[in-house]
Amino acid sequence: DPVARNIGTQWIGWAAVALLLSVLGAILITRVINRPLARLTVAAEQPGRGQTPAALPATGPVEIRTVNESFNRMVADLGKLEADRAVLLAGISHDLRTPLTRLRLELEMAELPTQTRAAMIADLVQMDAIVRQFLDYARRAPQQPAEPVDVSALVGEAVSRARIEQLPQATVNLLIAPAVTVRGYRTEIDRALDNLLMNAVKYGHDPASDRLDLTVSVTTDGQEAVIAVADHGPGVPAEQIERLLR
């Protein structure tokens, strides 16, 4: 009986030791497997933040190694696409600036009414600013900091630049609060204003009279500046709103 009791106690001890070793082994194996998966998770988040992750090591189990190699190929392909896009944008933008410069020189020398010449030169200056912005984007230059922009003045300039009142059966009513200023980017706001006004000219005619009566307003709502372009066109179908905002 004493011998039987000792043997039973020893087996219980050995079983406890084996269980402990099994748990420790499982934890170790889990960490070994999870470490490359955690590294892959961190690397996969970096492209979404505009970063280029370092190449993952082609080591470990076959499955992990295959995934890492596939991820490295994907990162390399994305880098090549980014480089090709940059070269394409830089080439197009650079080539566009040459005729823009030539057109401005010809306008300066042409015998045109002062107001017409000034409006056309303003258009060329804006186009040059847009091209310069694309060049900065292609070179991945850092975004310029926002600056105070006089929205009231920009809206007035945009309406003058659009020359809407020179169109037949067209009137523009301006309701612009003075000196409404925001922090932003002048070139991008100009582009947005031009789009608003050109769309109003294209789609804002009254279906009954074919007149174009626009009301352009600049107001403030708390800390926000509100620009509105109102017309008498048929409007945008509800199912097209999402596509329009795209």
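Which residue in the turn of the hairpin formed by strand 4 and strand 5 has a positive phi?

## The hairpin

Let's start with that turn, keeping in mind that this is a predicted model. The residue is Gly-222, with a positive phi of about 65°. Two residues lie between strand 4 and strand 5 in this hairpin.

Strand 4 covers residues 212–221 and strand 5 covers residues 224–230; the two run antiparallel and are joined by seven bridges. If you would like to trace the pairing by eye, here are two places to look. Thr-220 has Ala-225 of strand 5 as its bridge partner, and Val-218 stands opposite Ile-227, also in strand 5.

## The sheet around it

The hairpin belongs to an open sheet of three strands, ordered 2-4-5, with mixed pairing. The edges are taken by strand 2 (170–176) and strand 5; each has a single partner strand, so one side of each lacks a neighbour in the sheet. From one strand to the next, the twist averages 10°. As a reminder, strands of a sheet pair through backbone hydrogen bonds, in either a parallel or an antiparallel way.

## Ser-152 and its surroundings

Now for a residue in a helix: Ser-152 sits in helix 4, which spans residues 151–162. Is Ser-152 buried or exposed? Its relative accessible area is 9%, so Ser-152 counts as buried, the cut-off being under 20%.

What does Ser-152 touch, leaving aside its neighbours within four places in sequence? Its contacts are Ile-176, Ala-177, Pro-178, Ala-179, Val-180 and Val-218. Val-218 brings us back to the hairpin, as the residue opposite Ile-227.

Note on methods: Residues numbered from 1 in each chain as written. Predicted model: local features only at pLDDT ≥ 70, side-chain atom pairs only at ≥ 80, totals over all residues. Heavy atoms only, no water. Helix = DSSP H or I, 4+ residues; strand = E, 2+ residues; numbered from the N terminus. Buried < 20%, exposed > 50% of the residue type's maximum accessible area, 1.4 Å probe, protein only. Contact = heavy atoms within 4.5 Å. Pairing = 2+ DSSP bridges. Axes fitted to C-alpha atoms, helices over the stretch in contact; angles between N-to-C directions.
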